[in-house]
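Where do side chains of opposite charge pair in a protein chain, and how much of each partner is left accessible? The report below takes up these points for the structure shown here.

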Amino acid sequence: MAEKKGFRAKVQRFGSFLSGMIMPNIGAFIAWGIITALFIPDGWFPNEDLAVLVDPMLKYLLPLLIGYSGGRIVYDRRGGVVGAIATMGVIAGTDIPMFLGAMMMGPLGGYLIKKIDGLFQDKIKSGFEMLYNNFSAGILGAILAGIAVKLIGPVVAGLSSALATGVEAIVNAGLLPLASIIIEPAKVLFLNNAINHGILTPIGIEQANEVGDSILLLLEANPGPGFGVLLAFSIFGKGASKSSAPGAAFIQFIGGIHEIYFPYVLMKPALLLAVIGGGMSGVFTLSLFNAGLVGPASPGSIIAILMMTPQGNFLGVIAGVLVAAAVSFVISALILKTSKVKDEGLSEATGKMEEMKGKKSSVADSLKEEEPAAKANDEVNKIIFACDAGMGSSAMGASLLKNKFKKADIDIFVTNSAISQIPDDADLVITHQDLTSSAEEKIPDAEHISVENFLNSPKYDELVERFKN
């Protein structure tokens, strides 16, 4: 159990690292998508003067932003600068958008400058720090850029071409719906941003640039499967899950925060069949209509999806979302109606098992959420909600707690963050229970609280009572 949990945490951290290079720059991707959809010759308002923005943004701006972000994750701004310089090498060495190259060279540049600083920075005499800092970064960046032009750029171009050919072959063979068998369960394990922005977005944008749109940009972003699950809970659920599901459905479908439905599926793992069925049917429908998006829809809101839909694709895109929701709803309803087990979280189920057994169980202890020792109230000055990307479910949870604190006149700073970017001065960190181990590794000295549902957790009211008293 511990090994499985450790492996999952490692996969989640790697996925967070990949998505961490893309997510901070989604605004730039959306800007490129809007400009493309509006002003290219086949766009809504063709305009030659404004359409000249499309290629430079795609080939230079977006890869450089990715490279900078990758380097910064590894070694702050200094790593970001070297990562961007190294990324320029793969851009110059090829004639295709270098998203994959940027995701390699950015972190590599940050890692190497971090290692060089570790060797030499403490040995620099006083007064020579700026000279060392500027020239070490410049020299390393120049070397990496040169290597990238001659060696890495062509290799990555070949890899990109092979991936594009593979995706095209899968689409032509009609096998793309099978991708949902992997994508949908992986989403529920909080790998949604890694899959979408770490893998599908770079390949999908290159495809959209070549043919005008890409179905890959809708494989993960389609809100239909999750919406169907939440609608079924709204009608056939029980207790807290039923009462919270309508609000969650609105947030998921309109707000685009897909993480909101993950706890409902984790509560009843059989519902994986529903989201897989919904995902496969949605992809099949999109394939029938040959529909796709011009840019990434982030968050995965129906509003964002429609904004990224090119002319002529609206019927197919809407049908793909509605069919996915309908199939997911029907399967979820069957599962909920035939289920005889009361909804309960893992901790409650474990406690019930011990109660029936009549004694404490060492095995059960490994299944329970372990609550770390709480800090003294006067030691808590900053509360951080953390999730994979730091933009969706964590932002929602932080907003809810802020409002509760405001009503209770509690003056404690509350904000949200990606797990990889949790500030060192965080006193209390709140995460979904499946991400807590990653947060604990990132900042072990903080108090950590796990929740099953960011939208409706009793832990929020407990915190209000704790700090109010």
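What follows is an account of salt bridges in this structure, which is a predicted model.

## Salt bridges

Side chains of opposite charge can pair when their charged atoms come close. In this model the count comes to six salt bridges, and three of these pairs are described here, among them R72 with D76, E184 with K187 and D425 with K382.

| Salt bridge | Closest N and O atoms |
|---|---|
| R72 and D76 | 3.8 Å |
| E184 and K187 | 3.8 Å |
| D425 and K382 | 2.9 Å |

## Pairs within a helix

R72 and D76 both belong to helix α4, which covers residues 54-92, and they are set four residues apart, or about one turn of the helix. The relative accessible area of R72 is 36%, and that of D76 is 45%; because buried means under 20% and exposed means over 50%, with partly exposed in between, R72 is classed as partly exposed, and D76 is likewise partly exposed.

E184 and K187 both lie in helix α7, spanning residues 180-211, where they are three residues apart, again about one turn of the helix. Here the partners are buried: E184 has a relative accessible area of 1%, and K187 has a relative accessible area of 0%.

## A pair between distant parts of the chain

D425 and K382 form a salt bridge in which the closest N and O atoms are 2.9 Å apart. This pair links distant parts of the chain, since D425 sits in the loop between β2 (413-418) and β3 (428-432), while K382 is in strand β1 (residues 382-387), and 43 residues separate them along the chain. The side chains of D425 and K382 are also joined by a polar contact of 2.9 Å.

Which of the two partners is buried and which is partly exposed? D425, at 44% relative accessibility, counts as partly exposed, whereas K382, at 19% relative accessibility, counts as buried; the value for K382 falls in the buried class because the cut-off for that class is under 20%.

Another computed distance concerns the surroundings of D425: the C-alpha atom of D425 and that of I383, a residue 42 positions away along the chain, are separated by 9.5 Å.

In summary, the pairs R72 with D76 and E184 with K187 each lie within one helix, α4 for the former and α7 for the latter, whereas D425 and K382 connect a loop with strand β1.

Methods
Residues are numbered from 1 along each chain as its sequence is written. This is a predicted model: local features need pLDDT of at least 70, side-chain atom pairs count only at pLDDT 80 or more; totals for chains, interfaces and linings use all residues. Side-chain values use heavy atoms; hydrogens and water are left out. A salt bridge is a side-chain nitrogen of Lys or Arg within 4 Å of a carboxyl oxygen of Asp or Glu. Helices (H or I, at least four residues) and strands (E, at least two) are DSSP runs, numbered from the N terminus. Buried means under 20% relative accessible area, exposed over 50%, partly exposed in between (1.4 Å probe, protein chains only). A polar contact is a pair of N or O atoms within 3.5 Å; within protein, one must be able to donate a hydrogen and the other to accept it, and residues adjacent in sequence count only if both atoms are side-chain atoms.
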